[in-house]
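Me: Please take me through the fold and its strand pairing, explaining each term as it comes up.

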Amino acid sequence: MVNIVTVVKYKVKQGYEDDFVNAINDYDYSNSNFMRLIALDDNSYVTIMEYDDIEKTGQDEVTGLSWLDQVEHMLEFFGESRTDAYSGIVMTGFSNTDIFK
């Protein structure tokens with residue numbers, strides 16, 4: 001099985017932190033195996049999602065663009081882009097089977 005991970009960085013405008021986290025929580029992540037949101041310094045946030053099917057990443061890309069249109073007013077841009085995003089095939093990994101059953 002080939003898994004794909006997407007990593008998306010957002011820079012949130014001052015005062016929109018709670019609204020942004022709420023919008024992240026309202027998104028439908030049912031296509032992914034998991035999603036994690038981490039907070040960095042300077043109002044930056046990163047989502048990490050893993051998928052077990054490349055088609056599911058494409059489906060989320062379509063709905064994700066619509067979601068971005070809704071939250072764009074909360075974001076500072078990376079040049080001309082609303083996000084700084086990466087995705088790729090998982091080459092190796094570790095899961096603690098005592099925790100993840």
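Reply: Two strands count as paired if DSSP finds at least two bridges between them. What you see is a predicted model, in which local features need pLDDT of at least 70, side-chain atom pairs count only at pLDDT 80 or more, and totals for chains, interfaces and linings use all residues. Residues are numbered from 1 along each chain as its sequence is written, and side-chain values use heavy atoms, with hydrogens and water left out.

Me: Which pattern does the protein chain follow along the sequence?

Reply: The elements are DSSP runs numbered from the N terminus, helices being H or I over at least four residues and strands E over at least two. On that basis the protein chain holds two helices and five strands, and its C-alpha trace spans about 40 × 30 × 25 Å along the principal axes. Taken in sequence order, the elements give the pattern β-α-β-β-α-β-β.

Me: What share of contacts between residues at least 6 apart in sequence joins residues at least 24 apart?

Reply: A contact here requires heavy atoms within 4.5 Å. Among the contacts in the protein chain between residues at least 6 apart in sequence, the share that joins residues at least 24 apart is 70%.

Me: Is β3 largely enclosed or not, and how many of its eight residues are buried?

Reply: A residue is called buried under 20% relative accessible area, exposed over 50%, and partly exposed in between, using a 1.4 Å probe and the protein chains only. Across the 101 residues of the protein chain, buried residues make up 33%. β3 is largely enclosed by the rest of the structure, because the number of its eight residues that are buried is seven.

Me: In β3, which residue is the bridge partner of Y10?

Reply: β1 and β3 run antiparallel to each other, and their pairing extends over eight bridges. Within β3, the residue that forms the bridge with Y10 is Y45.

Me: Which residue of β3 does R36 stand opposite?

Reply: Strand β2, which covers residues 34-39, runs antiparallel to β3 and is joined to it by six bridges. Among the partners along this pairing, L37 is matched in β3 by T47. For R36, the residue standing opposite in β3 is I48.

Me: In the hairpin of β2 and β3, which residue takes a positive phi near 55 degrees?

Reply: The hairpin leaves four residues between its two strands, and the residue in question sits in the loop between β2 and β3. Its phi deserves a look, since the positive value occurs in a residue other than glycine, namely D42.

Me: Is D42 buried, exposed or partly exposed?

Reply: D42 belongs to the loop between β2 and β3, where its phi is near 55 degrees. Its relative accessibility is 48%, so D42 counts as partly exposed.

Me: What is the relative accessible area of N43?

Reply: N43 also has its place in the loop between β2 and β3. Its phi is positive as well, near 60 degrees, again in a residue other than glycine. N43 counts as buried, because its relative accessible area is 19%.
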